[in-house]
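Trainee: I'm new to this one. Can we go through it piece by piece?
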Amino acid sequence: MSKYIFLFRGGRMQEMSSDERQASMMKWKVWMDGLAAKKQLIGGEPLDGDGKVVKGRAKSVTDGPFAEGKEIVGGYLIVEAGSLDAATELSKGCPILVEDANGTVEVRTVMEMNM
């Protein structure tokens, strides 16, 4: 089994009513609980909207977010799966793909570091 990271972009949380937010969070919980029950979920968290960017040799610091709103990473999960294709299939259950017509899940392989 290998580790994969899901990076979530998009979402409409700030546009939702309190009840809609609660219903959305329940969908996320059900999806993540399903991954956990199959021992595929390693961890993950939503990300706050603020941040900093440190860039280049000069280590210049600027305020985030870091790109257009639809490109901002709003959260991540780390999962285990047998292949990139299997991890991609797992990502298709993500609620962001239903709730936001432009929502995306970027699926990336976490490289093993042999030190």
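Trainee: What covers the buried residues of α1?
Mentor: The cover includes β1, β2, β5, α2 and α3. Keep in mind that this is a predicted model.

Trainee: Which residues of α1 are the buried ones?
Mentor: S24, W28, W31 and L35. Seen down the axis of α1, they fall within an arc of 65 degrees, so they line one face of the helix.

Trainee: Why would residues a few places apart end up on one side?
Mentor: An α-helix has 3.6 residues a turn, so residues three or four places apart point the same way.

Trainee: And which residues are exposed on the other side of α1?
Mentor: S18, D19, Q22, V30 and A37 are exposed there.

Trainee: What about M25 and K29, how accessible are they?
Mentor: Both belong to α1: M25 lies in that helix, and K29 is found there too. M25 counts as partly exposed because its relative accessibility is 45%, and K29 gets the label partly exposed at 44%. The band for that label runs between 20% and 50%.

Trainee: How far is K29 from P95?
Mentor: They are 66 residues apart in sequence, and their C-alpha atoms are 9.7 Å apart in space. For M25 and M13, the sequence separation is 12 residues and the C-alpha to C-alpha distance is 9.5 Å.

Trainee: What span should α1 have, going by its residues?
Mentor: With 20 residues at 1.5 Å a residue, α1 should span 28 Å. Its end C-alpha atoms are 28 Å apart, so the two agree.

Trainee: What comes just after α1?
Mentor: K39, which takes a positive phi of about 60 degrees although it is not a glycine. K39 sits in the loop between α1 and β2.

Trainee: Is K39 buried or exposed?
Mentor: Exposed, because its relative accessible area is 68% and the cut-off for exposed is over 50%.

Trainee: Change of topic. In what order do the strands of the open sheet run?
Mentor: The order is β2-β5-β1-β6, 4 strands with antiparallel pairing. The edge strands are β2 and β6, each of which pairs on one side only. On average, neighbouring strands of this sheet are turned by 15 degrees against each other, direction ignored.

Trainee: Which strands does α1 touch when it packs on that sheet?
Mentor: It touches β1, β2 and β5, and the direction of α1 makes about 25 degrees with that of β5.

Trainee: How many bridges join β2 to β5?
Mentor: There are 5, and the two strands run antiparallel. Within that pair, L41 stands opposite V79 in β5.

Trainee: Which strands does α2 lie across?
Mentor: β1, β5 and β6; α2 runs at about 155 degrees to β6. The buried residues of α2 are A87, L90 and S91. They cover an arc of only 100 degrees around the axis, which puts them on the same side of α2.

Trainee: What do those buried residues of α2 pack against?
Mentor: Against β1, α1, β5, α3 and β6.

Trainee: OK, now the largest nonpolar core. How many residues does it have?
Mentor: It has 15 residues, and those with the most contacts inside it are F6, F8, W31, L77, V79, C94 and V105. The elements that give two or more residues to this core are β1, α1, β5, α2 and β6.

Trainee: What does C94 touch?
Mentor: Leaving out residues up to four places away in sequence, C94 touches F8, W28, W31 and V105. Two of these names came up earlier: W28 and W31 are among the buried residues of α1.

Trainee: Last topic, β3 and β4. How many residues are between them?
Mentor: There are 4 residues between them, and the two strands form a hairpin. They run antiparallel and are joined by 4 bridges. One pairing is K55 with S60 in β4.

Trainee: What is the phi of G56 in that turn?
Mentor: It is positive, about 70 degrees. K59, in the loop between β3 and β4, has a positive phi of about 55 degrees although it is not a glycine.

Trainee: Is K59 buried or exposed?
Mentor: K59 counts as exposed, because its relative accessibility is 59%.

Terms used. Residues are numbered from 1 along each chain as its sequence is written. This is a predicted model: local features need pLDDT of at least 70, side-chain atom pairs count only at pLDDT 80 or more; totals for chains, interfaces and linings use all residues. Side-chain values use heavy atoms; hydrogens and water are left out. A nonpolar core is a set of buried Ala, Val, Leu, Ile, Met, Phe, Trp, Tyr and Cys residues joined through side-chain atoms within 4.5 Å. Buried means under 20% relative accessible area, exposed over 50%, partly exposed in between (1.4 Å probe, protein chains only). Contact means heavy atoms within 4.5 Å. The arc is that of the directions from the helix axis to the C-beta atoms. Two strands pair if DSSP finds at least two bridges between them. Axes are lines fitted to C-alpha atoms, for helices over the stretch in contact, and angles run from 0 to 180 degrees between N-to-C directions. The expected span of a helix is 1.5 Å times one less than its number of residues.
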